[in-house]
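Welcome! Keep the picture in view as you work, and try each task before you read its solution.

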Amino acid sequence: MKTIGSMLADAAMCGALALTAVGAAVVPATAQAQVSGNPLLWCFIGPNDQPGNGPFGRCTTFYPSSSYRADFEVRNLPAGNYSYVWTNEVGMVLPCTTNRCYVTYRGAGGGIVDSVSVTYTNLATGQSDTLGRTVAIGGPI
């Protein structure tokens, strides 16, 4: 579980990302193309009352439900063969071995906050990197 301080930091980051997203609407197409060319971790939580459009999806929901599924996908990797290691906030390795993974959460009276990360490694070059997203369900973002 996250502390109040870390949730507030996440909320501040989310606000900054929202401002960035609003600013992206007025950025020239060449700058937008640079963002879409970089590897990113797409996320969508269902059920949801909002669409998961855009390059990052929607990794939060306030839709009431007894269970939720968070889908993740590594996008925009250069061509090649990759290995993937998926982990959650407490360091548990998730049973996913491709560029896609999902996690199921049970609905709760309070909010659910989790972080999911993926480390991908190019098998030809050995180069690796890690991407991560914060999941927020029914509580503070």
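The exercises below go from the whole chain to its sheets, its disulfides, its core and one residue.

**Before you start**

This is a predicted model, in which local features need pLDDT of at least 70 and side-chain atom pairs count only at pLDDT 80 or more, while totals for chains, interfaces and linings use all residues. Residues are numbered from 1 along each chain as its sequence is written, and side-chain values use heavy atoms, with hydrogens and water left out.

**Exercise 1. The whole chain**

Task: find out how many helices and strands the protein chain has, and in what order they come.

Solution.
- Step 1: Count the elements. There are two helices and eight strands; helices (H or I, at least four residues) and strands (E, at least two) are DSSP runs, numbered from the N terminus.
- Step 2: Read the order from the N terminus on: α-α-β-β-β-β-β-β-β-β.
- Step 3: Look at burial. Of the 141 residues, 29% count as buried, where buried means under 20% relative accessible area, exposed over 50%, and partly exposed in between (1.4 Å probe, protein chains only).
- Step 4: Look at contacts, meaning heavy atoms within 4.5 Å. Among contacts with a separation of 6 or more, 59% come from residues 24 or more positions apart.

**Exercise 2. Two sheets**

Task: work out the strand order of each open sheet and say which strands stand at the edges.

Solution.
- Step 1: Use the pairing rule: two strands pair if DSSP finds at least two bridges between them.
- Step 2: One open sheet of four strands has the order E2-E1-E4-E6, with mixed pairing. Strand E2 (57-58) and E6 are at its edges with a single partner strand each, so one side of each has no neighbour in the sheet.
- Step 3: Check the pairs inside this sheet. E1 and E4 run antiparallel and are joined by seven bridges, with Arg 69 in E4 as the bridge partner of Gly 46. E4 and E6 also run antiparallel, joined by seven bridges; here Phe 72 has Cys 101 in E6 as its bridge partner.
- Step 4: Another open sheet of four strands has the order E3-E8-E7-E5, again with mixed pairing. Its edge strands are E3 and E5, each with a single partner strand, so one side of each is left without a neighbour in the sheet.
- Step 5: E3 and E8 pair in the parallel sense over two bridges, and Thr 61 stands opposite Ile 137 in E8.

**Exercise 3. The disulfides**

Task: locate the disulfides and describe how the bonded cysteines are paired.

Solution.
- Step 1: Search for pairs of cysteine sulfur atoms within 2.5 Å, which is the definition of a disulfide. The whole structure yields two.
- Step 2: Cys 43 is joined to Cys 59, with S to S 2.1 Å. Cys 43 lies in strand E1 and Cys 59 in the loop between E2 and strand E3 (60-61), so the pair ties together parts that are 16 residues apart in sequence.
- Step 3: Cys 96 is joined to Cys 101, with S to S 2.0 Å.
- Step 4: Check the handedness. The S-S torsion is about 70 degrees for Cys 43 and Cys 59, so that disulfide is right-handed. For Cys 96 and Cys 101 the torsion is about 55 degrees, so this disulfide is right-handed.
- Step 5: Check burial. Both Cys 43 and Cys 59 are buried, and both Cys 96 and Cys 101 are buried.
- Step 6: With the bonded cysteines numbered in sequence order, the pairing is 1-2, 3-4.

**Exercise 4. The core and strand E6**

Task: find which residues of the largest nonpolar core touch the most other members, then see how the side chains of E6 are arranged.

Solution.
- Step 1: A nonpolar core is a set of buried Ala, Val, Leu, Ile, Met, Phe, Trp, Tyr and Cys residues joined through side-chain atoms within 4.5 Å.
- Step 2: The largest such core has 23 residues, and Phe 72, Trp 86, Tyr 105 and Val 135 touch the most other members. Among the strands that each supply at least two residues are E4 (67-75), E5 (82-88) and E8 (128-137).
- Step 3: Along E6 the side chains alternate: Cys 101, Val 103 and Tyr 105 point to one face and are buried. Arg 100, Tyr 102, Thr 104 and Arg 106 point to the other face and are not buried.

**Exercise 5. Asp 114**

Task: decide whether Asp 114 is buried or exposed, and find what its side chain meets.

Solution.
- Step 1: Place Asp 114 in strand E7 (residues 112-122).
- Step 2: Asp 114 has a relative accessible area of 9%, so this residue is buried.
- Step 3: Look for polar contacts (N or O atoms within 3.5 Å; within protein, one must be able to donate a hydrogen and the other to accept it, and residues adjacent in sequence count only if both atoms are side-chain atoms). The side chains of Asp 114 and Tyr 105 are joined by one of 2.8 Å. A polar atom of the Asp 114 side chain also lies 3.4 Å from the backbone nitrogen of Glu 89.
- Step 4: Leaving aside residues up to four places away in sequence, Asp 114 touches Asn 88, Glu 89, Tyr 105, Arg 133, Thr 134 and Val 135.
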